[in-house]
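The following exercises are to be solved with the sequence and the 3D structure at hand. Each task is followed by a solution in steps.

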Amino acid sequence: MEKLVILGVQWGDEGKGKIVDLLSEHFDVAVRYQGGSNAGHTVVINEEKFILHLLPTGILHEHVIGVIAQGMVVDLEVLEQEIKGLEEKGIYIKDRLVISDRVHLVMPYHKLLDSLFEKKKGIGTTLRGIGPSYMFKYGRKGIRISDLYDEKRFYNLLEENLNFVKSICEKVFCERFELDLNSIYERQLSIFEKLKSNVKDAFRFFTERNKSILFEGAQGTLLDIDMGTYPFVTSSNSSALGLSNGTGLSPKYFSDAYFLGVAKAYVTRVGEGPFPTELKGKEGERLRELGGEYGSTTGRPRRCGWLDLVALKYATDVNGLSGLVLTKLDVLDGFEEVKVCVAYELDGEVIDYFPASYSQLSRVKPVYETLKGWNKSTKGAKDINELPKEALDYIRFIENYIGVSVVMLSTGPKRKEYIWLKEILKTKSSYS
Ligand code: GDP
Ligand code: IMO
Ligand code: MG
């Protein structure tokens, strides 16, 4: 396979990191192309846990070149820390990292604005400065990494932006403004100096080389700025819609790619916003504890609920999925019954689509189908024959509803804890 796109199809944290890590073995290049350090992608290799925020997860494989493509917003301080953290664990990536010269930077004043906006009427962001950085980008006030080659230009842009944020901070929010122009200027340039050799024209990198590429989506389809539960979304196109603008590659380039969705066997969401199948009582707590559902980036408890097939079908269609990976099936072990949402009730009427309107989505009530649970453990299962019949029935039910095959199951956080239900790669995995 030459091109594989891996996308979260719920509200993020579906287990993309684990799947990207597992499949990156088969690719030359791994690319992140939207979002920033709001992402937290967890990988467990042997007993060691890694959480990647900005670097493409595939870079953990020694042969893989990692690309931070143009659609990302990059916090240089986080990137420096992340590279250092990997080096401390004996993983050297500096010679294998390409940073697009078109990426926008997340500056300290973006993080300040993020926290000021959150104080007023928040949506529960990760406070990583993501929204404000994209606001500046689309408002044509952003600073791109290539602006740092021209120090005078960088200084002037920074000064202009800082003055603007200072007046918002003081006049709108009546808060003290404590950021200092010269220290930000020096700090950003000093990190840039260390990463300069990695900054390249990533578009040319893509077009000049004939390599197999894995594209790693961050967040999930329901957090997409256009297709998600607006305004409770992130500020980039986190569905397949983000691929072209995030890389600079034409939609035609992706026409022969495999679009692999990643979904949990239930649903979680962190932050505010509508969540039709949310379980607020004991059942929700049970899922949270069994699934270890606490944010990889912020540590916040994740809201948990039953699998929502209306939303999953919507995400399947938005992304044009070729196949689906179902993760965390093991978390459902031991439930007497498992419920799946097959429709919504909206003001007394049954609907089978995912409404765009915030007010409507906040009002819908899930219509459930109840399936038999399973008592046998699926944790760490590596073969389909190890799965109880009820778990297989659950998978078939999902496939029938969304019209796309579940090609892989993940049965635990570790690399080797997975089962191919339908092989999609030509090369054999060494992790079996
Ligand atoms: P991502 O943002 O989509 O990469 O997901 P996160 O890393 O934020 O959250 C997924 C969590 O589930 C991590 O702690 C993973 O180690 C863990 N995980 C992934 N797949 C499985 C699985 O199949 N079973 C269990 N029990 N945990 C898993
Ligand atoms: P990964 O890649 C889950 C959520 C935040 C908040 C909203 C906006 O690990 O799946 P932002 O900081 O982006 O402005 O916050 O989006 N959010 C995520 N939720 N997983 C993520 O990334 C997320 N990135 C952002 O909680 O609700
Ligand atoms: Mg995550």
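**Exercise 1.** Which residue in strand 5 does Val-31 stand opposite?

*Solution.* The model is a predicted one, in which local features need pLDDT of at least 70 and side-chain atom pairs count only at pLDDT 80 or more, while totals for chains, interfaces and linings use all residues. Residues are numbered from 1 along each chain as its sequence is written, chains are lettered from A and ligands numbered from 1 in the order in which they are written, and side-chain values use heavy atoms, with hydrogens and water left out.

Step 1. Strands (E, at least two residues) and helices (H or I, at least four) are DSSP runs, numbered from the N terminus. Two strands pair if DSSP finds at least two bridges between them.
Step 2. Strand 2 pairs with strand 5 (residues 65-68) in the parallel sense, over 4 bridges.
Step 3. Within strand 5, the residue opposite Val-31 is Val-67.
Step 4. Val-67 has a bridge partner in strand 7 as well, namely Val-98. Strand 5 and strand 7 (residues 97-100) run parallel and are joined by 3 bridges.

**Exercise 2.** State the strand order of the open sheet of 10 strands, and explain what is left at its edges.

*Solution.* Step 1. The order is 9-7-5-2-10-1-11-15-19-20, and the pairing is mixed.
Step 2. The edges are formed by strand 9 (199-200) and strand 20 (418-420); each has a single partner strand, so one side of each has no neighbour in the sheet.
Step 3. Elsewhere in the order, strand 1 runs parallel to strand 11 (residues 258-264), with 5 bridges between them. Gly-8 has Val-262 of strand 11 as its bridge partner.

**Exercise 3.** Identify the protein donors of the magnesium ion (ligand 3) and describe where they lie in the chain.

*Solution.* Step 1. Donors are N, O and S atoms within 2.8 Å of the metal (3.2 Å for Na, K and Ca); water is not among the atoms, so sites may look incomplete.
Step 2. The protein donors are Asp-13 (OD) and Gly-40 (O), at 2.0 to 2.2 Å from the ion.
Step 3. Asp-13 belongs to the loop between strand 1 (3-8) and helix 1 (16-24), and Gly-40 to the loop between strand 2 (29-32) and strand 3 (41-45); the pair therefore ties together parts that are 27 residues apart in sequence.
Step 4. Gly-40 has a relative accessible area of 11% and is buried (buried is under 20%, exposed over 50%, partly exposed in between, with a 1.4 Å probe and protein chains only).

**Exercise 4.** Describe the polar surroundings of ligand 2 and ligand 1, and state how much of each the protein covers.

*Solution.* Step 1. An oxygen atom of ligand 2 lies 2.6 Å from a side-chain N or O atom of Thr-126. For Thr-234, a polar side-chain atom is 2.6 Å from an oxygen atom of ligand 2, and for Arg-300 the value is 2.9 Å.
Step 2. On its own, ligand 2 has 550 Å² of accessible area, of which the protein covers 97% (Shrake-Rupley method with a 1.4 Å probe).
Step 3. Asp-13 places a polar side-chain atom 2.9 Å from an oxygen atom of ligand 1. A polar backbone atom of Glu-14 is 3.0 Å from an oxygen atom of ligand 1, and a side-chain N or O atom of Arg-302 is 3.2 Å from one.
Step 4. The protein covers 92% of the 580 Å² of accessible area that ligand 1 has on its own.

How values were computed
Polar contact = N/O pair within 3.5 Å; in protein donor to acceptor, adjacent residues only side chain to side chain.
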